[in-house]
Amino acid sequence: MTYARPAIFCALYALLASGSVSAETPYVGIAIGAAQARATTPRGITNGEYRASDALLVGQRFSRYLAAELEYVDLQPTASTIQGQFSIDTATVAQHGPAVFAVASLPVGPVDIGLKLGVAYLQSTTHYVAPGLMCIIGFPDCQHQTLHERSTHLAGGIISSWTLNKLQLRTSYERFSVSGTHSNLISAGAAWHF
């Protein structure tokens, strides 16, 4: 997408030049959770199981309601299968890379509920095996294919957080898409506000 790189640059500039904005606090954090990937193979879409994954983040709060985050996600390889007429396709998907988000929060009692919207620049590696009938008889797994792709796409999510002094406990759901592969990350983590 041609608009994605300027959007990343503007978001990074806003994040790094936040001293000129009446910002509340910068923060750093980590999230640990589980990721699931759905990959498109020649015979259809696979549904993967959840695997342990993690994310590191730095952010800047501009007010109680608005923040910007730079996040590095590492979605561990997720294996999945799809039943074909004569075979079973298998696919393994792994993704990692940076994502930039704008975060809008709404206080609901002691908890903040928020939406994340941004862009992710992910390296996606998809390895799939789509055996034909002859492959099954003679050479199992004879139709291997590995795709490496780095691309920029929209990403989004929902976040809930609870802040105690400088420590913020967070739970989130995030969704990433890279050319036919869709990944979901459900995580819990903590952020420290300076």
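Which residue stands opposite L185 in β11? That residue is E174. To place this pair, start with the whole chain. The model is predicted.

The protein chain holds two helices and eleven strands. Read from the N terminus, the order of elements is α-β-β-β-β-β-β-β-β-α-β-β-β. There are 194 residues, and buried ones make up 41% of them. Take the contacts between residues at least 6 apart in sequence: 62% of these join residues at least 24 apart. The chain exposes about 10100 Å². Carbon and sulfur atoms supply 67% of that area.

Next comes confidence. The average pLDDT of the chain is 78, and 68% of the residues score at least 70. Among the elements, β5 has the highest mean pLDDT, at 91. Helix α1, residues 4-16, has the lowest, at 53. Over residues 14-23 the pLDDT is below 50. This stretch still has 15 contacts in the model beyond near neighbours in sequence. Where pLDDT is low, the predicted coordinates should not be read in detail.

Now return to β11. Twelve bridges join β10 to β11, and the two strands run antiparallel. E174 opposite L185 is one place to see the two strands side by side. β11 also pairs with β1, again in the antiparallel sense and over twelve bridges. There, Y27 stands opposite H193 in β11.

S183 is a good residue to look at in β11, which spans residues 181-193. Its relative accessible area is 2%, so S183 is buried. The side chain of S183 makes a polar contact of 2.5 Å with the side chain of Q95. Beyond its neighbours within four places in sequence, S183 is in contact with Q36, A37, L75, Q95, E174, R175 and F176. E174 thus appears twice in this tour: it is in contact with S183, and it stands opposite L185.

L75 and F176 lead on to the nonpolar core. The largest such core has 19 residues. Those that touch the most other members are V73, L75, F101, A120, L122, F176 and L185. Many strands contribute. The elements giving two or more residues to this core are β1, β5, β6, β7, β8, β9, β10 and β11. A120 shows what one core member touches. Leaving aside neighbours within four places in sequence, A120 is in contact with P98, A99, S151, T152, H153, A155 and F176.

D74 sits in strand β6. Is D74 buried, partly exposed or exposed? With 24% relative accessibility, D74 counts as partly exposed, because buried means under 20%. In a regular strand the side chains alternate between the two faces of the sheet. The side chain of D74 joins that of Q76 through a polar contact of 3.0 Å. Not counting residues up to four places away in sequence, D74 touches S53, D54, Q95 and H96. Q95 therefore links two parts of the tour, as D74 touches Q95 and buried S183 has a side-chain polar contact with Q95. The C-alpha atoms of D74 and A55 are separated by 6.0 Å, although the two residues are 19 apart along the chain.

The last stop is a loop. N165 lies between β9 and β10. Its relative accessibility is 71%, so N165 counts as exposed. Most residues other than glycine have a negative phi. The phi of N165 is near 55°, a positive value in a residue other than glycine.

Terms used:
Residues numbered from 1 in each chain as written. Predicted model: local features only at pLDDT ≥ 70, side-chain atom pairs only at ≥ 80, totals over all residues. Heavy atoms only, no water. Helix = DSSP H or I, 4+ residues; strand = E, 2+ residues; numbered from the N terminus. Buried < 20%, exposed > 50% of the residue type's maximum accessible area, 1.4 Å probe, protein only. Polar contact = N/O pair within 3.5 Å; in protein donor to acceptor, adjacent residues only side chain to side chain. Contact = heavy atoms within 4.5 Å. Core = buried A, V, L, I, M, F, W, Y, C linked by side-chain atoms within 4.5 Å. Pairing = 2+ DSSP bridges. Areas by Shrake-Rupley, 256 points an atom, 1.4 Å probe, with all protein chains shown as cover. pLDDT = per-residue confidence, 0-100.
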